[in-house]
Amino acid sequence: GEADMLAMTLMDTNPDTKDRAIQLATTTAYVYADTIKDKKGVDVALKAIEGAEARIPVNQFVTDDEKKRLDSARYSITDAKVNLLIDAKQKERALKTIDSLIASFGEENPNTKRLKTRRNQITVIGAAAPTLHVGKTIGKFDGLESMKGKVVLVDFFAHWCGPCIASFPDMIQMYTDLKPKGLEVVGVTRYYGYYQQERNLTPEAEFAKMPAFISTHKLPWPVVYVENDDFGAYGVTGIPHVTVIGRDGTVHKIKVGYSAKSFKEFREEIEALLK
């Protein structure tokens with residue numbers, strides 16, 4: 001009865017401040033909705049989120065800082081709705097949900113770019129892998145086109161990203177085991193202007209740090225630097241972000257984040273795809 005209790009309680013809860021209204025809506029979106037979805041279905045979960053969202057007194061957010069906070073919350077709530085819809089394999093509803101908030105925000109809102117990137121993350125699956133606009137490279141990389149016929153993992157990472165580094169041992173083991181069966185990996189990154197404690201680095205100075213990084217972590221695949229827009233084209237909203245490209249050159253799936261448990265499941269999917 002937990003899901004029923006949650007659904008009823010959320011509908012009867014009336015926050016007494018605008019900040020608590022945001023807290024209720026975001027907590028509903030990211031915590032309670034999963035329980036409701038698992039027991040009552042996606043539509044009931046969405047109704048719970050939308051009911052909590054409707055309690056946000058948007059007209060009370062008047063200063064620039066308040067409006068930014070409201071917009072950030074609206075983005076987060078929409079992202080949670082999209083996750084529910086994608087899990088339920090309702091891609092078109094997910095896209096319409098994103099488009100609705102884009103229209104509400106307008107082109108000048110900084111969250112609009114994030115929403116468009118999230119949209120790309122959804123639409124790129126099943127489509128031809130976007131071209132990587134490669135600048136400098138370490139290791140041999142002749143473009144994704146040269147890898148057709150292989151299963152390719154495009155691993156978006158950064159030198160500062162702890163979860164990316166944590167994923168490397170599992171990624172390396174999988175690459176070593178499965179490369180003879182047709183697996184390829186390419187590490188994709190961009191310039192951030194710093195490395196560890198060194199700040200205000202030029203691209204050339206930052207690039208010069210990468211060979212040592214690759215050696216330290218024993219990365220056996222090529223690493224390429226791309227334009228920022230390539231991250232958007234692949235729908236990168238967080239890293240590590242691994243795009244799986246099938247043998248026919250189309251995007252099979254996207255995996256964001258890393259944990260030992262989720263990687264075990266991910267590897268099983270890659271092994272099945274190679275077969």
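**Group meeting: pockets, cores and a few odd backbone angles**

Okay, let's start with the second largest pocket, which has a volume of about 390 Å³. It's lined by 17 residues, and Lys113, Thr117, Arg190, Gly232 and Val236 are the closest to its centre. Two elements give two or more residues to that lining, α6 and α10, the latter running 228-233. The biggest contributor is α6, with 5 residues. By class you get 6 nonpolar, 6 polar and 5 charged residues in the lining of this second largest pocket. And before anyone asks, this is a predicted model, so keep that in mind for everything that follows.

Now, the largest pocket. Its volume is about 590 Å³. Here 19 residues make up the lining, and Asn83, Ile86, Asp87, Arg118 and Ile125 sit nearest the centre. Which elements supply at least two residues each of the lining of the largest pocket? Those are α2 (18-40), α4 (64-87), α6 (110-123) and β6. The largest share comes from α4, with 5 residues. If you're thinking about chemistry, the lining of the largest pocket splits into 9 nonpolar, 3 polar and 7 charged residues. Note that α6 turns up in the lining of the largest pocket and again in that of the second largest.

On to the packing. The largest nonpolar core has 51 residues, and Leu144 and Leu153 have the most contacts inside it. The elements giving two or more residues to this core are β2 (151-156), α7 (162-178), β3 (183-189), α9 (210-217), β4 (223-226), β5 (241-245), β6 (251-256) and α11 (260-274). Of the elements, α7 gives the most, 7 residues. To get a feel for it, click on leucine 153. Leaving aside neighbours within four places in sequence, leucine 153 touches, among others, Met171 and Met174, then Val185 and Val186, then Val242 and Val244, plus Phe266 and Ile270. Apart from this core there's another one, of 34 residues, with Leu10, Ala29, Val42 and Leu46 among them.

Two of those core strands are worth a look together. β5 and β6 run antiparallel, joined by 5 bridges, and threonine 243 stands opposite isoleucine 254 in β6. The two strands form a hairpin with 5 residues between them, and glycine 249 in the turn has a positive phi of about 90°.

There's also some enclosed space. How many cavities of 30 Å³ or more does the count come to? Just 1, and its volume is about 70 Å³. The cavity lining includes Asp155, Met171, Pro240, Val242, Lys255 and Phe266, so to speak a mixed crowd: 6 nonpolar, 2 polar and 2 charged. α7 and α11 each supply at least two of the lining residues.Proline 240, one of the residues lining that cavity, also has a backbone feature to flag: a cis peptide bond joins isoleucine 239 to proline 240, with omega about 0°. You'll find proline 240 in the loop between α10 and β5.

Last, two positive phi angles outside glycine. Lysine 89 has a phi of about 60°, in the loop between α4 and α5 (91-105). Is lysine 89 buried or exposed? Exposed, with a relative accessible area of 76%. Glutamine 196 has a phi near 50° and is found in the loop between β3 and α8 (203-207). Glutamine 196 is exposed as well, at 55% relative accessible area.

Note on methods
Residues are numbered from 1 along each chain as its sequence is written. This is a predicted model: local features need pLDDT of at least 70, side-chain atom pairs count only at pLDDT 80 or more; totals for chains, interfaces and linings use all residues. Side-chain values use heavy atoms; hydrogens and water are left out. A nonpolar core is a set of buried Ala, Val, Leu, Ile, Met, Phe, Trp, Tyr and Cys residues joined through side-chain atoms within 4.5 Å. Buried means under 20% relative accessible area, exposed over 50%, partly exposed in between (1.4 Å probe, protein chains only). Helices (H or I, at least four residues) and strands (E, at least two) are DSSP runs, numbered from the N terminus. Contact means heavy atoms within 4.5 Å. On a 1 Å grid over the protein atoms alone, a cavity is a set of points where a 1.4 Å probe fits but cannot get out, and a pocket is an open set with protein on both sides within 12 Å along at least five of seven lines; lining residues have an atom within 4 Å of a point. Grid points are joined across faces, edges and corners, and a volume is the space filled by probe spheres set on the points. Ala, Val, Leu, Ile, Met, Phe, Trp, Tyr, Cys and Pro count as nonpolar, Asp, Glu, Lys and Arg as charged, and the others, Gly among them, as polar. Two strands pair if DSSP finds at least two bridges between them.
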